[in-house]
Amino acid sequence: MQKVYTKVTDSLNYFQNVDPTKLAEEYGTPLYVYNEKILRQRCRDLKGLVKYPKFVVDYSAKANSNLAFLEIVKSEGLEVDAMSPGEIYLERMAGFEPKEIFYICNNVSKEEMQYAIDAGVIASVDSLSQLEQYGELNKGGEVAIRFNPGVGAGHHEKVITAGKKTKFGVDPEFIPQVKEILAKYNLKLIGINQHIGSLFMEGEAFVKSIDSLLNIAKQFDDLQFIDMGGGFGIPYKKEEGQAALDLEDLGKHIDEALLKFAEEYGKQVTFRIEPGRYISAECSTILGTVHTVKNNHDKKFVGCDIGFNVLQRPIMYDSYHGIEVFRKSEVESKKTETVTVVGNICESGDILAKDRVLPEIFEGDTLCVLDAGAYGHVMSSNYNSRLRPAEVLIRENGDVVLIRERDTLEDISRHQISLKK
Ligand code: LLP
């Protein structure tokens with residue numbers, strides 16, 4: 001196997017002693033490959049974020065809810081959040097206790113709230129009307145509320161989830177009405193939460209939002225926890241030397257805010273964060289196979305099997321993912337060139353990387369898309385009736401195990417009902 005362009009995976013020892021071209025051959029491509037060591041390390045990084053003693057990291061399972069993945073997160077002592085009954089279900093399967101799950105509702109049905117209540121999972125509601133509905137279902141129960149601190153941040157307007165332009169959270173102006181509804185149903189508000197958006201590389205907006213959240217917290221007497229949200233970014237442009245988030249500096253600022261709050265509040269509430277991407281992104285790559293290299297007018301296209309049904313982020317948010325190249329044959333790349341890497345979906349927007357400078361690529365090469373573990377497989381689809389990829393895990397000892405099978409043709413027809421009886 002030739003390492004044609006493998007700077008980042010080499011520096012991380014990502015594949016350990018495993019040959020990615022063999023993985024591609026054995027399991028077929030496209031293939032999601034996870035590295036257990038990196039996943040565990042990311043869990044530990046965040047557990048050590050602050051010195052404040054009552055601190056819990058809730059992994060945000062929406063980023064990656066693979067069962068084996070959740071089992072590893074659980075074994076690292078993290079808790080989880082959930083965005084749907086489906087996530088609660090998977091998390092319970094992975095071994096999380098109901099009290100280790102935090103259900104964050106957004107425009108959910110009464111049936112979905114009831115599912116959480118029956119499962120013994122605490123729910124956070126994010127509007128006055130949902131608080132009413134919850135009160136009707138669970139009189140005298142415990143509840144949490146998501147507030148909108150008025151500060152947002154994120155890598156794309158589609159993922160900024162606080163501030164004046166988003167659907168999320170309760171406007172703090174409505175605190176008097178919140179108190180009325182709590183009293184009407186004898187609900188106990190045990191937690192408040194926020195999430196300002198996804199992917200910040202500077203902690204400033206996050207720290208500022210904590211201040212707003214803590215001001216809201218002071219208006220409620222009996223809180224057991226305050227959840228500051230997720231959004232911790234990762235450097236997607238590693239090959240260009242982009243630095244990682246400075247967790248030490250961020251941790252210091254957060255600690256200052258928490259300790260000050262604990263003094264003023266008169267007791268130590270539990271503080272939580274709910275990161276998804278930081279924990280899951282960097283421990284996964286996608287392997288794909290180049291099936292066509294062609295020139296179309298002035299452009300050179302590298303056509304592979306990683307369409308946007310496999311990884312939606314580039315088409316959805318113009319996201320950048322590093323691409324590396326492995327090769328089974330002896331053929332040598334003699335130059336670098338600017339190419340556009342595309343998938344096999346029948347849409348011209350099916351672009352994985354536009355005008356990317358890479359060593360000359362040949363048909364049969366194995367491409368490796370970096371940082372694909374967050375919002376990768378969970379956002380994959382069967383569009384064009386393609387099969388969603390398998391997932392394998394490189395264990396700490398170097399063994400490779402299959403953690404999800406590739407879809408089959410049967411899977412894509414399973415729930416369809418023919419008119420021909
Ligand atoms: N908590 C709540 C309430 C959220 O809405 C989210 C993500 C998170 C936690 C986790 O955020 P993270 O730490 O992963 O940034 N599909 C997009 C990201 C959407 C995230 C939306 N909310 C992407 O691929 O960039």
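In this predicted model, the side chain of Ser-198 puts a polar atom just 2.4 Å from one of the ligand's oxygen atoms. Tyr-375 also uses its side chain, with an N or O atom 2.6 Å from an oxygen atom of the ligand. At Gly-231 the backbone takes over: a polar atom there sits 2.8 Å from a ligand oxygen. On its own the ligand has 580 Å² of accessible area, and the protein covers 95% of that.

Stepping back to the whole shell, 20 residues surround the ligand, and those that come nearest are Ser-198, Glu-274, Arg-313, Tyr-317 and Tyr-375. Ser-198 and Tyr-375 thus turn up both in this nearest group and in the polar pairs described above. By residue class the shell is a mixed bag, with 7 nonpolar, 7 polar and 6 charged members. As for the space that the ligand takes up, it is the largest pocket.

Where does this put the ligand with respect to the domains? The protein splits into domain 1, made of 2–34 + 282–413, and domain 2, which runs over 36–280. Both domains give residues to the shell, so the ligand lies between them. Measuring from C-alpha centre to C-alpha centre, domain 1 and domain 2 are 32 Å apart. The two domains also touch each other directly: 32 residues from domain 1 are in contact with 28 from domain 2.

Terms used
Residues are numbered from 1 along each chain as its sequence is written. This is a predicted model: local features need pLDDT of at least 70, side-chain atom pairs count only at pLDDT 80 or more; totals for chains, interfaces and linings use all residues. Side-chain values use heavy atoms; hydrogens and water are left out. A residue is near a molecule or strand if one of its heavy atoms lies within 4 Å of it. A polar contact is a pair of N or O atoms within 3.5 Å; within protein, one must be able to donate a hydrogen and the other to accept it, and residues adjacent in sequence count only if both atoms are side-chain atoms. Accessible areas come from the Shrake-Rupley method with a 1.4 Å probe; for residues, only the protein chains shown count as cover. On a 1 Å grid over the protein atoms alone, a cavity is a set of points where a 1.4 Å probe fits but cannot get out, and a pocket is an open set with protein on both sides within 12 Å along at least five of seven lines; lining residues have an atom within 4 Å of a point. A molecule sits in a cavity or pocket if more than half of its atoms lie within 2 Å of its grid points. Ala, Val, Leu, Ile, Met, Phe, Trp, Tyr, Cys and Pro count as nonpolar, Asp, Glu, Lys and Arg as charged, and the others, Gly among them, as polar. Domain bounds come from an automatic or database domain assignment. Contact means heavy atoms within 4.5 Å.
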